[in-house]
Amino acid sequence: MKLTLIIMAGLLTLTLFGCDDNNDVNINRPSDNTPPPVPQGVYSVTRDHAVLLYWLPIDDVQGDFSTYVVYRSDTDPDTGYVEIGTTTSTTYLDQNVINGLTYYYAVSSVDRSGNLSALSYETVFDTPRPQGTNRTVTAMNTLPDFSGWAFAVVANVNYQNPNADFYLDYVDDLAKGRVFYLNAANDMTDLQDMGYTTDFDEISFAPDGGWSKIGWCEAIVGHTYVFWTADNNFAKIRVTAINSENILFDWAYQVATGNPELKPKVPHPADYLRHPGTAPAAMR
């Protein structure tokens, strides 16, 4: 458990630095057994075959900061943490991960005397998933074989193909001109317009509700759309351009069935200003 690792770190510090036989050199030098501050504000950003970690710099009041140590557990948020790297930065990229598997992370700090802080208090988890950019679907009115999109195979398909998750069509409106629509490809697929987003990572988790009751949404540049597929997977696209026949979009697909995680949000400060002993809360 995290607590066990914290206690072991403290004992190791006392063993390594609590004794010194060289009394002539160190007789007037006070020993430093005080661990540095615990890193706070740890959060993750999901990548394709990677997880990017961020945290706040510690308040180095003693001026003896040395490095940060990053830990990962492949089992759960309380046990199995092993060191995966060190850094003097407040970011760390873990590329030794598999898409669709969930990983748990913690960070500690070390000072120049070798004192190790407790692990960060946040429960930080991440499930990397595939993503891509600059893909196109063409309206079924024009090219039906390329109007559908299948997340699982990352390919254009016919809008009637059983693998299709959504497809594109348009209506020529006298007042608005040509209007494009994203359509759920079957009755078991849901979609939702999440509105305008400044970037692709702004939408982090699939929503709990609010899915379209009519099975379609207008395609608008800059809007992000979330899908709940017939196979119980979650995905999202962000429309980046629209021309006379098709749309251009970026996409992400969570291969872990039933997992709504698309990209964890950056936590609000209130989420990480905790004290030791408080129950960790999952970041949402």
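In this predicted model, Gly148 has Val157 of strand β10 as its bridge partner. The two residues belong to a pairing in which strand β9, covering residues 148-150, is joined to β10 by three bridges, and the strands run antiparallel. Confidence in the protein is highest in β9, where the mean pLDDT is 98.

**The five-stranded sheet**

The pairing of β9 and β10 is part of an open sheet of five strands in the order β10-β9-β11-β12-β14, with antiparallel pairing. Its edge strands are β10 (155-157) and β14 (216-218), each of which pairs on one side only. Between neighbouring strands of this sheet the average turn is 30 degrees, direction ignored.

**The four-stranded sheet and the β1-β2 hairpin**

Another open sheet has four strands, ordered β4-β3-β6-β7 and paired in antiparallel fashion. Strands β4 (82-87) and β7 (124-126) are at the edges and have a single partner strand each, so one side of each is left without a neighbour in the sheet. From one strand to the next, the twist averages 35 degrees. Within this sheet, β3 and β6 run antiparallel and are joined by eight bridges. One residue of this pairing is Arg72, whose bridge partner in β6 is Tyr105.

Strand β2 takes part in two pairings. With β1 it forms a hairpin that has two residues between the strands, and His49 takes a positive phi near 60 degrees there. Five bridges connect β1 and β2, which run antiparallel, and Arg47 stands opposite Ala50 of β2. Strand β2 is also joined to β5 by four bridges, again in an antiparallel arrangement. In that pairing, Val51 stands opposite Asp94 of β5. Four of the five residues of β2 are buried, so this strand is largely enclosed by the rest of the structure.

The table lists three of the strand pairings described above.

| Strand pair | Residues given | Bridges and direction |
|---|---|---|
| β3 and β6 | β3: residues 65-73; β6: residues 103-111 | Eight bridges, antiparallel |
| β1 and β2 | β1: residues 43-47 | Five bridges, antiparallel |
| β2 and β5 | β5: residues 91-94 | Four bridges, antiparallel |

**Nonpolar cores**

The largest nonpolar core contains 22 residues, and the members that touch the most others are Phe151, Phe166, Leu182, Ile237 and Phe249. At least two residues of this core come from each of β11 (166-173), β12 (177-184), β15 (223-228), β16 (234-242) and β17 (246-254). Strand β17 provides the largest share, four residues.

Which residues does Phe166 touch, not counting residues up to four places away in sequence? They are Val137, Ser147, Gly148, Trp149, Phe151, Leu182, Asn183, Ala185, Phe227, Ile237 and Phe249. Gly148, the bridge partner of Val157, is thus also named among the contacts of Phe166.

A second, separate core has 14 residues, including Val51, Leu53, Ile58 and Tyr105. Tyr105 is the residue of β6 that is the bridge partner of Arg72, and Val51 is the residue that stands opposite Asp94.

**His223**

His223 is found in strand β15. Is His223 buried or exposed? This residue counts as buried because its relative accessibility is 14%, and the cut-off for burial is under 20%. Beyond its neighbours within four places in sequence, His223 is in contact with Asp193, Gly195, Tyr196, Ile237, Arg238 and Val239. Ile237 also appears among the contacts of Phe166.

**The protein as a whole**

The protein has 17 strands and three helices. Of its 284 residues, 45% are buried. Among contacts with a separation of 6 or more, 60% are between residues 24 or more positions apart. The protein exposes about 14,400 Å², of which carbon and sulfur atoms supply 53%.

**Confidence of the prediction**

The average pLDDT of the protein is 84, and 82% of the residues score at least 70. Confidence is lowest in helix α3 (residues 269-272), where the mean is 35. Over residues 10-27 the pLDDT stays under 50, and the model has twelve contacts beyond four places in sequence for them. For residues 264-284, where pLDDT likewise stays under 50, the model has 36 such contacts beyond four places in sequence.

Key. Residues numbered from 1 in each chain as written. Predicted model: local features only at pLDDT ≥ 70, side-chain atom pairs only at ≥ 80, totals over all residues. Heavy atoms only, no water. Core = buried A, V, L, I, M, F, W, Y, C linked by side-chain atoms within 4.5 Å. Buried < 20%, exposed > 50% of the residue type's maximum accessible area, 1.4 Å probe, protein only. Contact = heavy atoms within 4.5 Å. Pairing = 2+ DSSP bridges. Axes fitted to C-alpha atoms, helices over the stretch in contact; angles between N-to-C directions. Areas by Shrake-Rupley, 256 points an atom, 1.4 Å probe, with all protein chains shown as cover. pLDDT = per-residue confidence, 0-100.
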